[in-house]
Amino acid sequence: HVVSEIAEKLRREIFQVTGGCTASIGCGSNQFLSRLATKQAKPDGYFHLEDSKVLDFIGKLNVSDLPSVGWSTTKILKEKGIQTCFELRKLSQKFLAQDLKLGPKTAKKIFEYCRGIDTRPWNPRPIRKSVSAQISWGVRMKTDSEVEDFLKHLSAKVVDRMLAMFKKTSGNKAKGTAAEEANVIRSFHGASLVSSKVWRAKK
């Protein structure tokens, strides 16, 4: 199949170019089905959700797996004995909107999603206009000078990336957190939110 050949070729190329980074690819005839297929393909595989198998595949899903279905909507549906998409299909769009008071927009979305329908247009990603850097692991420093030195180096790195991509930059911003007590574990890797300070690194 042409789709599977392209997908597997991309996965091999990503693995080779990155030196061992795996990739998962899901294919479907619309955004929603592609999203479901990608979830099925993870952590390291390929899955094509064919149109002929959509209703059976989606019917087994929990309603909470659908976009636009949060905890409150899930609770409302569960109270009516609706837990799967197969059960959800038994309800009319009008019943969802009026009797269950989900509103016309939400009712229309989940009515269509449980049938594999997604009319949202596909739009390519816009050209990147910004570059960012994020530290997702805890970095603990005791003094303001240590914090400023760390952020200056990080800011300079971001500026290098921006210059490589856009040839010019007016600077960058960095927002940080600071621990109130060194030995107290809190959210933000043991830190609490403080006023943001702006460091600028120009070239």
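## A salt bridge between a loop and helix H2

In this predicted model, the side chains of Asp-65 and Lys-39 meet in a salt bridge, with 3.7 Å from N to O. Asp-65 belongs to the loop between H3 and H4 while Lys-39 belongs to helix H2, so the pair ties together parts that lie 26 residues apart in sequence. With a relative accessibility of 27%, Asp-65 counts as partly exposed, whereas Lys-39, at 56%, counts as exposed.

This pair is one of the seven salt bridges that the structure holds. Others are described below, two of them within single helices and one group forming a network.

## Salt bridges within helices H7 and H8

In helix H7, Lys-108 forms a salt bridge with Glu-112, and the closest N and O atoms are 2.9 Å apart. These two residues both lie in H7 and are separated by four residues, about one turn of the helix. An α-helix has 3.6 residues a turn, so residues three or four places apart point the same way. The partners have unlike surroundings by accessibility class: Lys-108 is partly exposed, with a relative accessible area of 37%, while Glu-112 is buried, with a relative accessible area of 17%, a value that falls under the 20% limit for that class.

Glu-112 is also among the buried residues of H7, which are Ala-107, Ile-110, Glu-112 and Tyr-113. The buried residues of this helix pack against H2, H3, helix H5 (85-88) and H6.

Helix H8, which spans residues 144-166, holds both Glu-148 and Lys-152, again four residues apart and about one turn of the helix. Their side chains meet in a salt bridge of 3.6 Å from N to O. Here Glu-148 counts as partly exposed at 25% relative accessibility, and Lys-152 counts as partly exposed at 45%.

## Helix H1: a buried arginine and a nonpolar patch

Arg-11 has its place in helix H1 and, at 16% relative accessibility, counts as buried. Its side chain makes a polar contact of 3.1 Å with the side chain of Glu-8, and a network of salt bridges links Glu-8, Arg-11 and Asp-44. When neighbours within four places in sequence are left aside, the residues in contact with Arg-11 are Ala-23, Ile-25, Asp-44, Gly-45 and Tyr-46; Asp-44 therefore appears both in this contact list and in the salt-bridge network, where a bridge requires a side-chain nitrogen of Lys or Arg within 4 Å of a carboxyl oxygen of Asp or Glu.

Val-2, Ile-6, Leu-10 and Ile-14 make a nonpolar surface patch of about 340 Å². Of these residues, Val-2 is placed in helix H1, which covers residues 2-17, and Val-2 counts as exposed at 57% relative accessibility.

## Backbone geometry in three loops

Most residues other than glycine have a negative phi, and most peptide bonds are trans. Against that background, three loop positions deserve a careful look. The peptide bond from Lys-42 to Pro-43 is cis, with omega near 15°, and Pro-43 is found in the loop between helix H2 (31-41) and strand S2 (46-48).

Ser-68, although not a glycine, has a positive phi of about 75°; this residue sits in the loop between helix H3 (54-59) and helix H4 (71-79) and counts as partly exposed at 35% relative accessibility. Lys-101 likewise is not a glycine and has a positive phi, of about 60°. The place of Lys-101 is the loop between helix H6 (93-99) and helix H7 (104-113), where Lys-101 is exposed, with a relative accessible area of 69%.

## Thr-74 and the start of helix H4

Thr-74 is placed in helix H4, and a polar atom of its side chain lies 2.8 Å from the backbone oxygen of Gly-70. The C-alpha atoms of Thr-74 and Val-63 are separated by 6.7 Å, although the two residues are 11 residues apart along the chain. Once neighbours within four places in sequence are set aside, Thr-74 is in contact with Val-63, Ser-64 and Val-69.

Notes. Residues are numbered from 1 along each chain as its sequence is written. This is a predicted model: local features need pLDDT of at least 70, side-chain atom pairs count only at pLDDT 80 or more; totals for chains, interfaces and linings use all residues. Side-chain values use heavy atoms; hydrogens and water are left out. Patches are made of residues with over 30% relative accessible area and no salt bridge: like charges are joined within 9 Å, nonpolar side chains (Val, Leu, Ile, Met, Phe, Trp, Tyr) within 5 Å. Accessible areas come from the Shrake-Rupley method with a 1.4 Å probe; for residues, only the protein chains shown count as cover. Buried means under 20% relative accessible area, exposed over 50%, partly exposed in between (1.4 Å probe, protein chains only). A polar contact is a pair of N or O atoms within 3.5 Å; within protein, one must be able to donate a hydrogen and the other to accept it, and residues adjacent in sequence count only if both atoms are side-chain atoms. Contact means heavy atoms within 4.5 Å.
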